[in-house]
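I set out to note down what I looked up in this structure, entry by entry, beginning with a charge and a ring and then working outwards to the strands and helices.

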Amino acid sequence: MVIRLVAADMDGTLLDSAGRLPDGLETMVRNLRQRGVRFAVASGRQYYNLLRRFESLAEELLFICENGAMVCDGRELLRVEAIAPADYEEAVRLGRSLPEIRVVLCGAQSAYIEEDDPAFRAETALYYERCRLVPDVLEAGRRDRICKIAFFHALDVERAGYAALRRLEGRLKVSVSGRKWVDAMPPGVHKGRAIRALREQFGWSREECMAFGDYLNDAEMMRECAYSYAMANAHEELKRICRFQAPSNDENGVMRVLSEYFNETGQS
């Protein structure tokens, strides 16, 4: 089968444990583009964070950002899925009420935080290139299009806050996106929906799509791609969803699979 789209999550998938991109990625992306294959970075990270990391490749890449709530083709914004103010306001108030939980309100223009905690600010700096410290995130959010609320716990958010945050289910989709993070999105918005929108826009079938991921916020993306790869370091539930397994992120798993697949198929 001819592959037209390769989508890869960032943290725990494309990046190694030290946060480094794999050697040879730029050459791989450019070679794939020459073969008619688009490479999509699919992440819970902010668009501006991804743009900084891939500045030299920006025009070659598709960006699925904020777990699918924003999609860009290079520097062109294709879609934003905004949350109704009443829904994100409820989420922020719940987050504020939970001990040791910190809130990031994520908009199309910027992310917003209201706690000046050094550990929290250091963590948000990893994922949000544009992040403003404001007195009230709700007030700041009224001047932006809010597409995600991220909840942070310094040790283990799944044990410390996930059960309480699931109260938002119904009005928002709540998913664990990492050991320290839970994301709340508009219902039905996820990486899989973004993949489906790209497939419709470019005319790709499910059988022409390949995806790599490691955590539960990648699950819907895997279902939209016939060639679904869980990293060896992936959450066990994601491994059950995927058809294939790739070597771990610290073993250059994405690049190894791509090199082997495209060399073997000779796709042109």
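Over the ring of which residue does the charged end of R243 sit, and how far is it from the centre of that ring? I looked this up in what is a predicted model, and found the charged end of R243 over the ring of Y227, 5.9 Å from its centre.

**Entry: the ring cluster and β13**

I followed Y227 further and found it in one aromatic cluster that is formed by F212, Y227, Y229, F244, Y261 and F262. I then turned to strand β13, residues 227-231, and asked how many of its residues are buried. Five of the five residues of β13 are buried, so the strand is largely enclosed by the rest of the structure. In general, the side chains of a regular strand alternate between the two faces of the sheet. For β13 I noted Y227, Y229 and M231 on one side and S228 and A230 on the other, all of them buried, and both faces are therefore recorded as covered.

I looked up the pairing of β13 next. Strand β12 runs parallel to β13, and four bridges join the two; F212 has Y229 as its bridge partner in β13. On pairing with β14 (residues 244-246), I found three bridges in the parallel sense, with M231 standing opposite A246 in β14.

**Entry: aromatic pairs**

How many aromatic pairs does the structure hold? I found 12 aromatic pairs, and wrote out two of them. The ring centres of Y127 and W181 are 5.8 Å apart and their planes stand at 85°, so I entered this pair as edge-to-face. Because Y127 lies in helix α5 (residues 118-127) and W181 in strand β11, the pair ties together parts that are 54 residues apart in sequence. Y127 is buried, with a relative accessible area of 16%, and W181 is buried as well, with a value of 8%.

The second pair that I wrote out is that of F212 and Y229, which is stacked, with 5.0 Å from centre to centre and 20° between the planes. F212 belongs to strand β12 (residues 209-213) and Y229 to strand β13, so this pair ties together parts that are 17 residues apart in sequence. I found F212 buried at a relative accessible area of 0%, and Y229 buried at 10%.

**Entry: a second charge over a ring**

I also looked up R130, whose charged end sits over the ring of Y48, 3.7 Å from the centre of that ring.

**Entry: the open sheet**

In what order do the six strands of the open sheet follow one another? I read the order as β8-β7-β6-β9-β11-β10, with mixed pairing. Strands β8 (131-133) and β10 (173-176) stand at the edges with a single partner strand each, so one side of each is left without a neighbour in the sheet. Neighbouring strands of this sheet are turned against each other by 25° on average, with direction ignored.

At the β10 edge I looked up the pairing with β11 (residues 181-185), which is antiparallel over four bridges, and noted that K173 stands opposite M185 in β11. I then asked which strands helix α4 lies across. Helix α4 (residues 85-97) lies across β6 (102-107) and β9 (146-152), and runs at about 10° to β9.

**Entry: R45**

Is R45 buried or exposed? I found R45 in the loop between β2 (38-42) and α3 (47-53), and its relative accessible area of 5% makes it buried, because the cut-off is under 20%. The side chain of R45 makes a polar contact with the side chain of D11 at 2.8 Å. Leaving aside neighbours within four places in sequence, I listed contacts of R45 with M10, D11, L15, L50, R53, C65, E66, L126 and Y127; the last of these, Y127, is the residue that I had entered above as the ring partner of W181.

**Entry: M28**

My last entry concerns M28, which I located in helix α2 (residues 25-34) and which counts as buried at 12% relative accessibility. Not counting residues up to four places away in sequence, M28 touches M255, L258 and S259. I also looked up the separation of the C-alpha atoms of M28 and R121, which are 93 residues apart along the chain, and found 34 Å.

Technical notes. Residues are numbered from 1 along each chain as its sequence is written. This is a predicted model: local features need pLDDT of at least 70, side-chain atom pairs count only at pLDDT 80 or more; totals for chains, interfaces and linings use all residues. Side-chain values use heavy atoms; hydrogens and water are left out. Buried means under 20% relative accessible area, exposed over 50%, partly exposed in between (1.4 Å probe, protein chains only). A polar contact is a pair of N or O atoms within 3.5 Å; within protein, one must be able to donate a hydrogen and the other to accept it, and residues adjacent in sequence count only if both atoms are side-chain atoms. Contact means heavy atoms within 4.5 Å. Two strands pair if DSSP finds at least two bridges between them. Axes are lines fitted to C-alpha atoms, for helices over the stretch in contact, and angles run from 0 to 180 degrees between N-to-C directions. Rings of Phe, Tyr and Trp (its six-membered ring) pair if their centres lie within 6.5 Å; planes under 30 degrees apart count as stacked, over 60 as edge-to-face and the rest as tilted. A charge sits over a ring if NZ of Lys or CZ of Arg is within 6 Å of the ring centre and within 35 degrees of the ring normal.
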